[in-house]
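Welcome to this tour! Open your viewer, get ready to select residues by number, and follow along one stop at a time.

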Amino acid sequence: MKLLPEVLAAREEIQSIRRTIHAHPEIRYEEVRTADLVARRLEQWGIEVHRSLGKTGVVGILKRGTGTRAVGLRADMDALPIHELNSFGHRSQIDGRMHACGHDGHTAMLLGAAQYLAKHGEFDGTIVFIFQPAEEGGAGARAMIEDGLFAKFPVDAVFGIHNWPGLPEGTFGVTEGPLMASSNEFRIDIKGIGAHAAMPHNGRDPVFAAVQIANALQSIITRSKKPIETAVLSVTQIHAGDTVNVIPDVAWLAGTVRTFTTATLDLIESKMRKIAEATAAAYECAVDVSFNRNYPPTVNSPEETRFAAEVMREVVGPENVSTAVEPTMGAEDFAFMLLAKPGCYAFLGNGDGEHRATGHGAGPCMLHNPSYDFNDELLPIGSTYWVRLAQRYLALPQAK
Ligand SMILES: [Zn+2]
Ligand SMILES: [Zn+2]
């Protein structure tokens, strides 16, 4: 492992920032204290700061030399509405709020890199440090882009990291193409005609129609999409009625759809509408389908991914880098940045959980678990990766 000595020397300082953020978690678009901490540190190190992009986002600009290349490095700052079960000193001081996804660590790793680059970094070009709000369901990346992130601060490519429990500590996992899925939710409302349960012929049973629709939707996954295209459709709620001897007027079902491509998502949504409408019609019920596309798939561009993997190999050694990590059906709003710019999102192994307080059971403590904690051993690794990635990216030959 080749970690920068100055980054290692700043380890205690960056760890203390990480733990301060952990102790004061703020959920989506409420990251006021965190954004202020980030902005003040960047300013303290002589970095130009722009606040309030995408409501609570912060951008830092560091420019050297005459180079026209620019690179974006992104961290997320928000916490989750979870009550922390850990008992260590830096546990959340706010009931019902917790950094259970490690965004405290992502922010600290990028701050560590910003400090190094401002004080010691040699490079030629512009580094755009992006601290985004509201990754957890608030599309903070999209909010920053809509607020002019890339128009005001153009970059040639953008990069991101997420810590990943279960991957060995300090190893990198990445893949070209889709790494994380699109996240979408649907709700299907069925309107029938209620009746006495003993005289169903007098009504139009929406419960029966709902169950037929729930079953038929699975045929899209097994019969309609190409078998080699990955997708999942889960009906997670069916609601109807409140009395055993009454057929209700209405029923509704809801759930989630995840895909790695927009083409597959288009197909699934259109088939869902056809099945819901035709099935409801067959049972003489009315139907209303609402389908919301939350996050698109996170798709890594090949060239930037191969470049990022070279930097990972330099930092942690080739034996600690997988370029064929298994994609996850989880979703990530860095996807919006990758729709706007080429780039690469990577996983950094958070280890198996032994460094945390017990209470999460056997095996790795997964993200969004009330016993989770970001592994501080990753701080100098992530910061070194960011530094070397920025320096090497800006030193690449000018794009055509
Ligand atoms: Zn999360
Ligand atoms: Zn996360």
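Begin with the zinc ion (ligand 1), whose donor residues follow the sequence spacing C-x34-E-x231-H. Before you zoom in, note that this is a predicted model, where local features need pLDDT of at least 70, side-chain atom pairs count only at pLDDT 80 or more, and totals for chains, interfaces and linings use all residues. Residues are numbered from 1 along each chain as its sequence is written, chains are lettered from A and ligands numbered from 1 in the order in which they are written, and side-chain values use heavy atoms, with hydrogens and water left out.

**Stop 1: the zinc pair**

Select Cys101, Glu136 and His368. Through SG of Cys101, OE of Glu136 and NE2 of His368, they coordinate the zinc ion (ligand 1) at 2.0 to 2.2 Å. Donors here are N, O and S atoms within 2.8 Å of the metal (3.2 Å for Na, K and Ca); water is not among the atoms, so sites may look incomplete.

Cys101 sits in the loop between β3 (70-76) and α4 (103-119), and Glu136 in the loop between β4 (125-132) and α5 (140-146), so this pair ties together parts that are 35 residues apart in sequence. Helices (H or I, at least four residues) and strands (E, at least two) are DSSP runs, numbered from the N terminus. Both Cys101 and Glu136 are buried, meaning under 20% relative accessible area, while exposed is over 50% and partly exposed lies in between (1.4 Å probe, protein chains only).

Which residue bridges the two zinc ions? Cys101 does, and the zinc ions (ligand 1 and ligand 2) lie 3.2 Å apart. Now add His103 and His162 to your selection. With Cys101 (SG), their NE2 atoms are the protein donors of the zinc ion (ligand 2), at 2.0 to 2.3 Å. His103 belongs to helix α4 and His162 to strand β5 (residues 157-165), so the two link parts of the chain 59 residues apart. His103 counts as buried because its relative accessibility is 0%, and His162 counts as buried at 4%.

**Stop 2: two helices crossing**

Show α2 (residues 11-23) next to α4. Their axes come within 9 Å and cross at roughly 150°; axes are lines fitted to C-alpha atoms, for helices over the stretch in contact, and angles run from 0 to 180 degrees between N-to-C directions. In α2, select residues including Ile14, Ile17 and Ile21; among the α4 residues on the other side of the contact are Ala108 and Leu111. Contact means heavy atoms within 4.5 Å.

**Stop 3: the nonpolar core**

Next, select Leu42, Ile127, Phe129, Phe131, Phe159, Trp386 and Leu389. Of the 93 residues in the largest nonpolar core, these touch the most other members. Such a core is a set of buried Ala, Val, Leu, Ile, Met, Phe, Trp, Tyr and Cys residues joined through side-chain atoms within 4.5 Å. Helix α11 (residues 378-394) gives the largest share of this core, 10 residues. Apart from this core lies another, of 24 residues, with Leu217 and Ala251 among them.

**Stop 4: two loop residues**

Where is Lys55? Look in the loop between β1 (48-53) and β2 (57-64). Lys55 has a positive phi, near 70°, and counts as exposed because its relative accessibility is 58%. Finish at Glu284, in the loop between α8 (262-282) and β13 (286-295). Its phi is also positive, near 60°, and at 54% relative accessibility Glu284 counts as exposed. Most residues other than glycine have a negative phi.
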